Structures are given as C-alpha cells and as structure tokens.
Amino acid sequence: AICMEKKKATPLPRKRMLHRRYRISRELAEGGFGVTYLAEDARGTIYVIKEHFPTWYASRDKSGVVVPLPGKLGDYEWSLAAFLQEASQLSVLNHPNIVHLVDAFEEKGTAYYVMPYLSGGDLAHVTRCLFEEQKKLSQAAVLSLLRGLLEALQHMHSRRLRNSRTPIYHLDIKPANVLLSLSDDELDVQPILIDFGSPDMGTPGFVPHEQREAGGVGIGPWSDIYALAATVHMLLLGSAPPSHLTP
C-alpha cells in the first residue's frame, strides 16, 4: 500500500468572518482533520473555532471554500460526518470537565464548531515542560486531575446522542486532548476533555487493543478508561505504555 502524504492545510486569513459572527484572529494549530483558530465576536469574547479540513481528501479554493479532491468525495463525506457527530456529542454533554459547545454550523463547503477559549495549555505541554526541568506533577495534582476526568467520563458514558440509543465514548483520550482551565486567581486548575475520536482512529500508546484490532466492535466505557490510565502513565513516567500498534 502507498502511504499518502498529508499536505499542509491553507488556513483562512486573519479577519475573515465566519457565520457572520466570528472574526478570525489567528491560526492556533493544524491537526489530522482540520485547523483550529482563535477568533472573537463583536463583543470581544474570545473563542476557539475548529474547522473540518482533512487535506488528505480536500483542498481550499481561492474563495476559501473547502472542496473534495478528485476521487475523494466519499472519504470527505465520511470525515465530515464524523466531525458533525463530534459536535452532536458535545451538544448533549454538560459537565465542567468536558469542553462546552458554543455553536456549530456548516459553511464554505465544510463544517465548524465553536468552543470557549481556555488559557491554561494542555497536559502534553505541561508534562513535557516538567520533564525537561526534571520535575513531575505531584501525587495530589495527578489525583485531582484524575478525579475530574473520571467524573467527566461517568457523565459522558451515561448519555446518548439525541434521538438515538448510541452511547457516547471519547475514544481519543491523551494528554494533548486534556486542556487546563485556570480559575481567575490561578489557584485552581480543572482538566477539560476536548477532541473526541472515533472507533477507527486513535493514538498509538493510548488506544486500546479492541478499538483498532476488532474494528471497534468491542469498544465500551473500558476503552476510555484504558486511554485515561495510559494518560496517567504519561504524567507519572513521561511516556505512554508500549503500543500494540508498533511492530
């Protein structure tokens, strides 16, 4: 099989308006299936906007519209459906340790969803900085983060998609998908889960065997618990557990 090389996404320019409400300030990051922006509304409220833009399957034309590549329409539609399902999942969740969905809309040939801006960084960055300084999170800090994330999973696993019996799982828990929310006095730090995955995706070292090897048939709440345990492993030791996906 030939490995497709992912092309770099062309982000929307600064000051571009989305949904007649959000003005893009700058690009924050580019991931496998999209671009994340910092934006604000007319009141000056700052948001994070996630754009569905898988460059394996699509490109952006001069007007800013995302267009499927030749022969990739089916792949693009599958990716878009997964993105919209993530927004749908967030819309039925209401927990302080799960990112809040502010808005979701389709525009420019693709889809977007809007989240609050959190300034505390993510666990991957915090852990990396600590280990570079030969430091670790304290046991109390790890237990506090773990407690918040377990409560988030308990809430998530008890919910269903609207008009459906489909359970909600995260399926991509890892340090990079845990943002930190600081209180105004910066004395309290809360972990916030972001970026849901899908049964046929996952990150080596954090994805459980049943999620990839069995086509997602055997996934359940235990799959998220495994990924959370792998995340704690990273916090304590600086590395994920050995991956069954590594030859």
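**Exercise 1.** In this predicted model, which side chain makes a polar contact with the side chain of N97? Then work out whether N97 is buried or exposed.

*Solution.*
- Step 1: Look for the polar partner. The side chain of N97 meets that of Q190 in a polar contact, at 3.0 Å.
- Step 2: Find N97 along the chain. You'll spot N97 in the loop between α1 (73-91) and β7 (103-107).
- Step 3: Check the accessibility. N97 has a relative accessible area of 2%, and buried means under 20%, so N97 is buried.
- Step 4: See who else is around. Leaving aside neighbours within four places in sequence, the contacts of N97 include G148, E151, P191 and L193.

**Exercise 2.** Which residues touch the most other members of the largest nonpolar core?

*Solution.*
- Step 1: Start with the core itself, which has 51 residues.
- Step 2: Pick out the best-connected ones: M156 and L193 touch the most other members.
- Step 3: Follow L193 outwards. Beyond four places in sequence, L193 is in contact with M156 and N97, among others.

**Exercise 3.** How many salt bridges does a search of the whole structure find? Take the one between D41 and R43 and say whether each partner is buried or exposed.

*Solution.*
- Step 1: Grab the total, which is 7 salt bridges.
- Step 2: Zoom in on the pair. The closest N and O atoms of D41 and R43 are 3.3 Å apart.
- Step 3: Sort the partners. D41 comes out at 6%, so D41 is buried, whereas R43, at 65%, is exposed.
- Step 4: Try another pair. K174 and D172 form a salt bridge at 4.0 Å, N to O, and both K174 and D172 are buried.

How values were computed
Residues numbered from 1 in each chain as written. Predicted model: local features only at pLDDT ≥ 70, side-chain atom pairs only at ≥ 80, totals over all residues. Heavy atoms only, no water. Helix = DSSP H or I, 4+ residues; strand = E, 2+ residues; numbered from the N terminus. Buried < 20%, exposed > 50% of the residue type's maximum accessible area, 1.4 Å probe, protein only. Polar contact = N/O pair within 3.5 Å; in protein donor to acceptor, adjacent residues only side chain to side chain. Contact = heavy atoms within 4.5 Å. Core = buried A, V, L, I, M, F, W, Y, C linked by side-chain atoms within 4.5 Å. Salt bridge = Lys/Arg side-chain N within 4 Å of Asp/Glu carboxyl O.
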